[in-house]
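Hi,

Here is the model I promised to pass on. Have a look at it first, and my notes follow underneath.

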Amino acid sequence: LYLYWRACSLAARGYAALVVDLFGDVDGSGWDTDFARPRMQQLRDDRALLQGRMLAGLEALRAQPTVDGARCATLGYCLGGRASLDLARTGADLRAAVSFHGVLDALPPQLVAPHVPA
């Protein structure tokens, strides 16, 4: 619910906002530790999977007719913060990437865009 509230507060300020479901949480189980922990670990271990899910979200946002695809940014909390930073470092066309208490660590070299310092 927090992420939904956060997206609504951004939308109220005139921004298009999309919450990317990194876990495949169809019924709100993402707040349950037993549900979330293995999914979070999978995304920590497989950064290409994490990047793919974030790119899919970015593409879905850009596909909306009311979104200026040249003015997109990403922000995230915790694992989402790491995902935001990873997305920027992989060369996604973003205006900004914001991380709230996300981890900034080394990406696998094959994921880092050549023009982005890792």
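I'd start with helix α4, whose buried residues pack against α2 (33–45), α3 (47–62), β1 (73–77) and β2 (96–100). Contact here means heavy atoms within 4.5 Å, and buried means under 20% relative accessible area, with exposed over 50% and partly exposed in between (1.4 Å probe, protein chains only). Helices (H or I, at least four residues) and strands (E, at least two) are DSSP runs, numbered from the N terminus.

Before the rest, the small print. This is a predicted model, in which local features need pLDDT of at least 70 and side-chain atom pairs count only at pLDDT 80 or more, while totals for chains, interfaces and linings use all residues. Residues are numbered from 1 along each chain as its sequence is written, and side-chain values use heavy atoms, with hydrogens and water left out.

Back to α4. The helix covers residues 79–89, and 10 of its 11 residues are buried, so it is largely enclosed by the rest of the structure. The buried set is L79, G80, G81, R82, A83, S84, L85, D86, L87 and R89. You'll see that charged residues are on that list, including R82, D86 and R89. Just after the helix, G91 takes a positive phi of about 95°.

Now the overall picture. The chain has four helices and two strands, and from the N terminus they come in the order α-α-α-β-α-β. The C-alpha trace spans about 40 × 35 × 25 Å along its principal axes. The radius of gyration, taken over C-alpha atoms, is 14 Å, which agrees with the value near 13 Å that a compact globule of 118 residues would have; the globule rule is 2.2 Å times the number of residues to the power 0.38. Of the 118 residues, 34% count as buried. Among contacts with a separation of 6 or more, 49% come from residues 24 or more positions apart.

On the surface side, the accessible area comes to about 7500 Å², and 57% of that belongs to carbon and sulfur atoms. Accessible areas come from the Shrake-Rupley method with a 1.4 Å probe, and for residues only the protein chains shown count as cover. As for charge, there are 12 positive and 12 negative side chains, with the centres of the two sets 7 Å apart. Lys and Arg count as positive and Asp and Glu as negative, leaving out His and the chain ends; each charge is placed at NZ of Lys, CZ of Arg, CG of Asp or CD of Glu.

How many disulfides are there? The count is zero, taking a disulfide as a pair of cysteine sulfur atoms within 2.5 Å. For C72, the nearest cysteine sulfur is that of C8, 18 Å away. C72 is buried, at 4% relative accessibility.

C78 is another cysteine to look at. It sits in the loop between β1 and α4 and is partly exposed, with a relative accessible area of 36%. Its phi is near 60°, a positive value in a residue other than glycine. Most residues other than glycine have a negative phi. H101 also has a positive phi, near 45°; this residue lies in the segment after β2 and is exposed at 61% relative accessibility.

Which residues does A106 touch, leaving aside those up to four places away in sequence? They are R47 and R89. A106 belongs to the segment after β2 and is exposed, with a relative accessible area of 64%. Its C-alpha is 9.2 Å from that of D86, although the two are 20 residues apart in sequence.

Finally, two arginines in loops. R71 is in the loop between α3 and β1 and is exposed at 57% relative accessibility; its C-alpha is separated by 31 Å from that of D27, 44 residues apart along the chain. R13 is in the loop between α1 (2–12) and α2 and is exposed too, at 60%. From R13 to A70 the C-alpha distance is 19 Å, with their positions 57 residues apart in sequence.

If you only have a minute, go to α4 and the strands and helices packed around its buried residues.

Cheers
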